[in-house]
Amino acid sequence: MRRFPLILTFVFLTFLSVVNAQTEYKIDTLAEGLDVIWGMTFISDHELVFTERSGRAGLLNLKDQQIEWLSGLPNVHAQGQGGLLDVQIGPNFKQDAWIYFTYSRPLEDQPNQAATTLARAKLQGSKLTDWQDLLITQSASQSTQHFGSRITFDEQGHVFFGIGDRGQRENGQIFSNHAASIIRLKLDGQVPQDNPFVNKSGYLDELWSVGHRNPQGLVYDSKRAILWEIEHGPRGGDELNIVKKGQNYGWPDVSQGKEYWGPVAVGVRHKAGMVDPIKVYIPSIAPSSLMLYQGDAFPEWKDQLFAGALVLRHLNLIKLDTKGEVIGEERLLEDLNERIRALAQDNQGQIYLSTDSGKIMRLSP
């Protein structure tokens, strides 16, 4: 496999050095000239697997800033907001070597349609092997919008991932397909029998929660036992939610946003039987990811949430108390003027972010 060198650009403390709420950090650019980098995950202390929405995946070696492009990927429907999406190592990666992916899978009989799909594979050198599509969701559409999708794991042998409404609002309250939902499966793709809608008429067994417009961030907070989700609203009304078993989060009946064509509310602001968000962004920041910071490099940020922002181009720090109540917010890295897409952290607690301009950057003390 040919190796491609990348220019390493050091942006020292004298440039984009920031003291923000007594937190001092610097930015290093580790890679550039890439496509939209949708997901990132560490497979070792110095090796970062990343996905490009266009359908490629690479392995960045942080010791020499070299990239190896990975083979063994499936055919990906890279159209609009679809493509190769998230990547996360499984919770038992050191024992079983499984890496999990979400991607837009074209239908065999209708290649102009695609469905968000959860898969897993193993990495041998620079080749992905044992590729398994765990769930080809019932969310296929000709629309190229709102595929989701992020992956997270709890500590009880389950994998969660989100799917958007596929650009069709009515899917938010139709439960006979997987669109506009959070899905919960066992690590091998089987359906847990304690899922809330198992054998319930009109619902698919894989559903964990429903009524989500377009989930763009998902992370499990083991200390607080909370599944956090962040999603795009329409014009205004991006939501941070605490996702609970069997709950309906309202889209499109409930929204804090407005129509794109005019100052008209989408649905109502509250409705009985539907869960209100924990935090709403008006105007929209267009959140693109969600990370629970658990490192030691920035102790003042421990157990706080970070989200990338696309439209308002910053790193959004969501401050939480010990119970998970939102008590504040900071907008970092606004001077970068970059659409921040994906987030990751290494064992030292340094924060890695990707941009839609094709960069991988590192935030360190």
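A cavity is a set of grid points where a 1.4 Å probe fits but cannot get out. The exercises below apply this and other rules to a predicted model.

**Exercise 1. The cavity**

Find how many cavities of 30 Å³ or more there are, and classify the lining of the largest cavity.

Solution.
- Step 1: count. The search gives 1 cavity of 30 Å³ or more.
- Step 2: size. The volume of the largest cavity is about 50 Å³.
- Step 3: lining. Among the lining residues are Gly211, Arg213, Glu231, His232, Tyr249 and Trp251.
- Step 4: class. The lining has 4 nonpolar, 5 polar and 3 charged residues. Gly counts as polar by the rule used.

**Exercise 2. The sheet**

Work out the strand order of the open sheet of 4 strands, and identify its edge strands.

Solution.
- Step 1: order. The strands run E17-E18-E19-E20, with antiparallel pairing.
- Step 2: edges. Strand E17 (215-221) and strand E20 (279-281) each pair on one side only, and these are the edge strands.
- Step 3: angle. Neighbouring strands are turned by 15° against each other on average, direction ignored.
- Step 4: one pair in detail. Strand E18 (residues 226-231) and strand E19 (residues 238-243) run antiparallel, joined by 5 bridges. Trp228 has Ile242 in E19 as its bridge partner.

**Exercise 3. A long-range salt bridge**

Locate both ends of the salt bridge between Arg169 and Glu259, and state whether each residue is buried, partly exposed or exposed.

Solution.
- Step 1: distance. The closest N and O atoms of Arg169 and Glu259 are 2.8 Å apart. The cut-off is 4 Å, so the pair qualifies as a salt bridge.
- Step 2: place. Arg169 lies in the loop between strand E14 (158-163) and strand E15 (181-186), and Glu259 in the loop between E19 and E20. The two are 90 residues apart and link distant parts of the chain.
- Step 3: exposure. Glu259 has a relative accessible area of 11% and is therefore buried, under the 20% limit. Arg169, with 31%, is partly exposed.

**Exercise 4. Further salt bridges**

Give the N to O distance for Asp296 and Lys302 and for Glu329 and Arg331, then classify each residue by exposure.

Solution.
- Step 1: Asp296 and Lys302 meet at 2.9 Å, N to O. Asp296 is exposed at 57%; Lys302 is partly exposed at 34%.
- Step 2: for Glu329 and Arg331, the closest N and O atoms are 2.5 Å apart. Glu329 is partly exposed at 28%, and Arg331 is partly exposed at 31%.
- Step 3: whole structure. The search finds 17 salt bridges. Arg105, Glu108 and Asp133 are linked in a network of salt bridges.

Note on methods. Residues are numbered from 1 along each chain as its sequence is written. This is a predicted model: local features need pLDDT of at least 70, side-chain atom pairs count only at pLDDT 80 or more; totals for chains, interfaces and linings use all residues. Side-chain values use heavy atoms; hydrogens and water are left out. Two strands pair if DSSP finds at least two bridges between them. Axes are lines fitted to C-alpha atoms, for helices over the stretch in contact, and angles run from 0 to 180 degrees between N-to-C directions. On a 1 Å grid over the protein atoms alone, a cavity is a set of points where a 1.4 Å probe fits but cannot get out, and a pocket is an open set with protein on both sides within 12 Å along at least five of seven lines; lining residues have an atom within 4 Å of a point. Grid points are joined across faces, edges and corners, and a volume is the space filled by probe spheres set on the points. A salt bridge is a side-chain nitrogen of Lys or Arg within 4 Å of a carboxyl oxygen of Asp or Glu. Buried means under 20% relative accessible area, exposed over 50%, partly exposed in between (1.4 Å probe, protein chains only).
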